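This briefing covers one protein model, grouped by topic. Please read it alongside the sequence and the coordinates.

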Amino acid sequence: MSDWKGAKVLEPLLKPMASLHPDPQNVRRHDQRNLDTIGKSLERFGQQKPIVVDQAGLIVAGNGTFQAAASLGWSQIAVVSTRMSVRERRAYAIADNRTAELATWDDDALAKALKSMDEEMLEATGFMAEDVLVVAGELPPNADGKVVDESIEIGRAHV
């Protein structure tokens, strides 16, 4: 089994993964590519922010991180516990995902940052080499205006 790795400041927040439970009503779905990308990020950078759980260990935010960590064989993960009501937890879980979707990329800055990365770092970001060329304007996007990675739209990028 792989050991947890992450920011030293998170060590006091570690909990056994066996004591936590993914939310069966989670409205966000994580396909295999998404989980693989989260896993690559965890492998490369370690856990840098805790997941959010309720008092019973139900995951409120971070279900994908939990799944990816489990696939890496982690036995523990950093968590913060919330005392929000069920109603607040449900709304927070949606807001946690939606707020990231509403952000946009600065295409020029993104292209510059991605071009500066070696293959290992690029892979940990979830972008592919072809995506970098599209973002940089060196390769045309798909007919629908999207880069090779179907989740990213130039000028209105969605993660």
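Counting contacts in the protein between residues at least 6 apart in sequence, 71% join residues at least 24 apart. The model is predicted. Of its 159 residues, 34% count as buried. The secondary structure comprises six helices and four strands, in the order β-α-β-β-α-β-α-α-α-α from the N terminus.

**Strand pairing**

- Strand β4, residues 76-81, runs antiparallel to strand β1, residues 14-16, and three bridges join the two.
- In the pairing of β1 with β4, P16 stands opposite Q76.
- Strand β2, residues 51-53, also pairs with β4, here in the parallel sense and over three bridges.
- V52 of β2 has V80 of β4 opposite.

**Nonpolar cores**

- The largest nonpolar core has 19 residues, and those touching the most other members are L20, L42, I51, W74 and I77.
- At least two residues of this core come from each of α1 (32-45), β2, α2 (63-71) and β4.
- Another core, of seven residues, lies apart from the largest one and has L110, A111, L122 and V132 among its members.
- Which residues is L20 in contact with, leaving aside neighbours within four places in sequence? They are I51, V53, G57, F66, I77 and V79.

**Helix α2 and its surroundings**

- The residues N63, G64, F66, A68 and A69 of α2 are buried.
- The cover over the buried residues of α2 includes α1, β2, β3 (59-61) and β4.
- After α2 comes G73, which has a positive phi near 85°.

**Q47**

- Q47 sits in the loop between α1 and β2.
- Is Q47 buried or exposed? Its relative accessibility is 1%, so Q47 counts as buried, the cut-off being under 20%.
- Setting aside residues up to four places away in sequence, Q47 touches W4, K5, G6, A7 and L10, and also L42, W74, I77 and A78.
- Of these contacts of Q47, L42, W74 and I77 are also among the residues that touch the most other members of the largest nonpolar core.

**Second largest pocket**

- The volume of the second largest pocket is about 160 Å³.
- Its lining consists of R33, D36, T37, K40, E119, L122, E123, G126, F127, M128 and A129.
- Helices α1 and α5 (119-125) each supply at least two of the lining residues.
- The most lining residues come from α1, which gives four.
- By class, the lining has five charged, four nonpolar and two polar residues.
- L122 is one of the lining residues of this pocket and also belongs to the core of seven residues.

**D96**

- D96 is placed in helix α3, residues 86-102.
- Why does D96 count as partly exposed? Its relative accessible area is 32%, which lies between the 20% limit for buried and the 50% limit for exposed, so D96 is partly exposed.
- D96 and V60 are 36 residues apart along the chain, and their C-alpha atoms are separated by 9.4 Å.

Technical notes. Residues numbered from 1 in each chain as written. Predicted model: local features only at pLDDT ≥ 70, side-chain atom pairs only at ≥ 80, totals over all residues. Heavy atoms only, no water. Pairing = 2+ DSSP bridges. Core = buried A, V, L, I, M, F, W, Y, C linked by side-chain atoms within 4.5 Å. Buried < 20%, exposed > 50% of the residue type's maximum accessible area, 1.4 Å probe, protein only. Contact = heavy atoms within 4.5 Å. 1 Å grid on protein atoms, 1.4 Å probe; cavity = no way out; pocket = protein on both sides within 12 Å on 5 of 7 lines; lining within 4 Å. Points joined across faces, edges and corners; volume = space filled by probe spheres on them. Nonpolar A, V, L, I, M, F, W, Y, C, P; charged D, E, K, R; others polar.
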